[in-house]
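Colleague: Before we discuss this model, could you take me through how its features should be read?

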Amino acid sequence: MQIMDIITTTEALAAACSRLAKCDYVTIDTEFLRETTFWPELCLIQMASEEDALIVDPLAKDIDLAPFFELMADTSVIKVFHAARQDIEIVVNRGDLVPHPIFDTQVAAMVCGFGESVSYDQLVSRISGVQIDKTSRFTDWSRRPLSDKQLDYALADVTHLRDVYKELKSRLEAEGRSGWLSDEMAVLEARETYDLHPDDAWKRLKMRLKKPQELCVLQHVAAWREREARSRNVPRGRILKDDALYEVAQQQPVDAEALSRLRTVPRGWERSTQGAALVEVVGQALATPRDQMPKLPRQRQTPDGAQAAVELLRVLLKLVVEKENVAAKVIASSDDLDRIAAEGEDADVPALSGWRRELFGEQALKLINGKLALRFADKKVDALEL
């Protein structure tokens, strides 16, 4: 592949973005590092339109990325990504905006029957017949100069994406499924998808607690860790591992000695500034008045027979997936099936609203209400209305 000059100045970037702003769509990808930081370290930006293909070096000393963020904010241009979340997180963090409108080819591929979470190289191969050399995927993108092999790989991430986008867009329109994708893109375009408030950091953790006081401590400690990780720009686990948060919530150490007895806390950590701060946070949580303690999330009571109903719903979902040629996770999650089996019509889940209800939800309700049967005939399973 022929590589053009890399954009390293604000002037060149502004000129390129001005050209791209006149296009209907722009394909975008980024290369970044995140192993030792909380926020992704942006190392490269690749963009392409029908006529253009370019690489931007965000690490160049004479470049301001403002023109790029202006393009991301331009609502007249569709921004095309594959597996967009981490790329968009970078734009949110660096540019303080969420690109709109967007088109995620990974999600579109699931809607079009390419399976669940299909990789970019698999999608390119199936649509364009091109085999992408993946050997540069995990190279150090922060080192300069970049090799021609790295640049070839980086540019391929957006040039082949043009054909993938056009093919998927055509299929969605032909099958009347463009609206299905819009529902999924609304989640990716929501600011809260990327900007978790520290006070809500505990929601990322699996619930292992049984008492309101334990949950209160967990909330305080998780918020403290989130703020520490963000302010120091290090991964959350560098501050304290998840398992340590659970143990702190349950054991509730109120001094350095108690903290030193926890198995999940590194030896000597209790004497550090962070150890002292953690003990203080635990004390603040324990000082919360009893009537202000958080309530534990209610555990749903599973009715007798619900698990058997879930298994039937899985079979029904598989039938719908095979008939409609769409990935199962786009239609209904495991939690959706559990709640439909337990709560029926009252289940507030995506599978019982919009196009998902038409495709699967109505049949699911009929199945658990005894108005739809599954049968095995002619060496296959099908559904039969009663």
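**Core, patch and record**

Modeller: The largest nonpolar core has 95 residues, and those with the most contacts inside it are L13, M47, V56, L168, I331, I340 and F360. Helix α6 (residues 148–174) gives the largest share of this core, 10 residues, and at least three residues come from each of domain 1 (10–193) and domain 3 (306–385). Such a core is a set of buried Ala, Val, Leu, Ile, Met, Phe, Trp, Tyr and Cys residues joined through side-chain atoms within 4.5 Å; buried means under 20% relative accessible area, exposed over 50%, and partly exposed in between (1.4 Å probe, protein chains only). Helices (H or I, at least four residues) and strands (E, at least two) are DSSP runs, numbered from the N terminus, and domain bounds come from an automatic or database domain assignment.

Colleague: What should I keep in mind about the model and its numbering?

Modeller: This is a predicted model, in which local features need pLDDT of at least 70 and side-chain atom pairs count only at pLDDT 80 or more, whereas totals for chains, interfaces and linings use all residues. Residues are numbered from 1 along each chain as its sequence is written, and side-chain values use heavy atoms, leaving out hydrogens and water.

Colleague: Is K295 buried or exposed?

Modeller: K295 lies in the loop between α12 (273–286) and α13, and it counts as exposed because its relative accessibility is 74%. From C-alpha to C-alpha, K295 and D152 are 54 Å apart in space and 143 residues apart in sequence.

Colleague: Where is V315 found?

Modeller: V315 belongs to helix α13 (residues 306–324), and with a relative accessible area of 33% V315 is partly exposed.
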